[in-house]
Amino acid sequence: MGDKYFLKLAIEEAKKVKDENKFGAVIVKNGKVISSKHNLTQEEKDPTAHAEIVAIRKACKALGEKHLDNCTLYSNAEPCFMCFTAAAWAHISKVVYNKPRKDFSHIDYHTMDFTIRDLNSHFDKPLEIIEIKEIDKP
């Protein structure tokens with residue numbers, strides 16, 4: 001099981017969202033899914049309940065750790081800056097996503113001209129970032 005397999009799981013997780021903010025995330029360590037979650041911002045009336053944030057919280061609880069060393073975050077979309085920074089703070093090693101931020105401009109996705117690659121360059125220990133554009137449906 002590789003990046004495409006786990007990215008497909010994140011895409012499937014995004015389909016669980018009932019509104020237009022269809023985002024899903026999966027966190028994997030050593031080839032095993034530690035957590036998965038979809039966007040809950042509308043359900044919980046919480047602007048921070050993005051799929052990635054909720055999946056990070058869930059993974060930390062599952063592992064009983066503050067940090068997610070050697071974990072990979074899979075997301076159907078390029079993470080926003082809040083989510084990407086949370087991944088860095090959680091010590092996630094790699095982020096894999098399917099669609100760039102600009103594909104979500106119709107839902108008021110902020111900062112189109114600045115990417116997570118730009119943000120990543122400011123961290124002491126940058127994360128590995130992989131965009132997989134072409135992916136078959138699971």
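Visitor: Is K94 buried or exposed, going by relative accessibility?
Guide: The cut-offs are simple: buried means under 20% relative accessible area, exposed means over 50%, and partly exposed is in between (1.4 Å probe, protein chains only). At 15% relative accessibility, K94 counts as buried.

Visitor: Before we go on, what pLDDT do local features need here?
Guide: Residues are numbered from 1 along each chain as its sequence is written, and side-chain values use heavy atoms, with hydrogens and water left out. This is a predicted model, where totals for chains, interfaces and linings use all residues, side-chain atom pairs count only at pLDDT 80 or more, and local features need pLDDT of at least 70.

Visitor: Back to K94, then. Which residue forms a salt bridge with K94?
Guide: A salt bridge here is a side-chain nitrogen of Lys or Arg within 4 Å of a carboxyl oxygen of Asp or Glu. For K94, the closest N and O atoms are 3.2 Å apart, and the partner is D3.

Visitor: And how many residues apart in sequence are the parts which that pair ties together?
Guide: Helices (H or I, at least four residues) and strands (E, at least two) are DSSP runs, numbered from the N terminus. K94 sits in strand β4 (residues 94-99) and D3 in helix α1 (residues 3-14), so the pair ties together parts whose separation in sequence is 91 residues.

Visitor: How many salt bridges does a search of the whole structure find?
Guide: Besides K94 with D3, K15 and E12 meet through their side chains at 2.8 Å, N to O. E13 and K16 do likewise at 3.1 Å. For the whole structure, the search comes to 3.

Visitor: In the E13 pairing, is E13 buried or partly exposed?
Guide: Its partner K16 counts as partly exposed at 47% relative accessibility. E13 itself has 6% relative accessibility, and so counts as buried.

Visitor: What about cysteines: how many disulfides turn up?
Guide: A disulfide would be a pair of cysteine sulfur atoms within 2.5 Å. A search of the whole structure gives a count of 0. C60 is in none, with the nearest cysteine sulfur, that of C71, 8.4 Å away. C83 is in none either, its nearest cysteine sulfur being that of C80, at 3.6 Å, so the disulfide cut-off of 2.5 Å is not met and the count stays at 0.

Visitor: How many aromatic pairs are there?
Guide: Rings of Phe, Tyr and Trp (its six-membered ring) pair if their centres lie within 6.5 Å; planes under 30 degrees apart count as stacked, over 60 as edge-to-face and the rest as tilted. Searching the whole structure gives 3.

Visitor: What geometry do Y5 and F6 have as an aromatic pair?
Guide: The ring centres of Y5 and F6 are 5.1 Å apart, with 80 degrees between the planes, and that pair is edge-to-face.  Y5 is partly exposed at 41%, whereas F6 is buried at 3%. The geometry asked for, again, is edge-to-face.

Visitor: And what geometry do F84 and F123 have as a pair?
Guide: F84 and F123 are 6.0 Å centre to centre with 45 degrees between the planes, which makes the pair tilted. The two sit 39 residues apart, F84 in helix α4 (residues 81-89) and F123 in the loop between α5 (116-120) and β5 (128-131). F84 is buried at 0% and F123 is partly exposed at 21%. As for the pair's geometry, the label is tilted.

Visitor: Why is strand β1 called largely enclosed by the rest of the structure?
Guide: β1 covers residues 24-29, and the label follows because the number of its 6 residues that are buried is 5.

Visitor: How many bridges join β1 to β2?
Guide: Two strands pair if DSSP finds at least two bridges between them. β1 pairs with strand β3 (residues 71-77) in the antiparallel sense over 5 bridges, with V28 partnered by T72. With β2 (residues 32-38), β1 also runs antiparallel, and the number of bridges is 6.

Visitor: Which residue takes a positive phi in the hairpin of β1 and β2?
Guide: K29 stands opposite K32 in β2. The hairpin has 2 residues between the strands, and the one with a positive phi near 50 degrees is N30.

Visitor: What span does helix α3 reach from its first C-alpha to its last?
Guide: The expected span is 1.5 Å times one less than the number of residues. α3 (residues 51-63) has 13 residues, for which 18 Å is expected, and its span comes close to that, at 18 Å.
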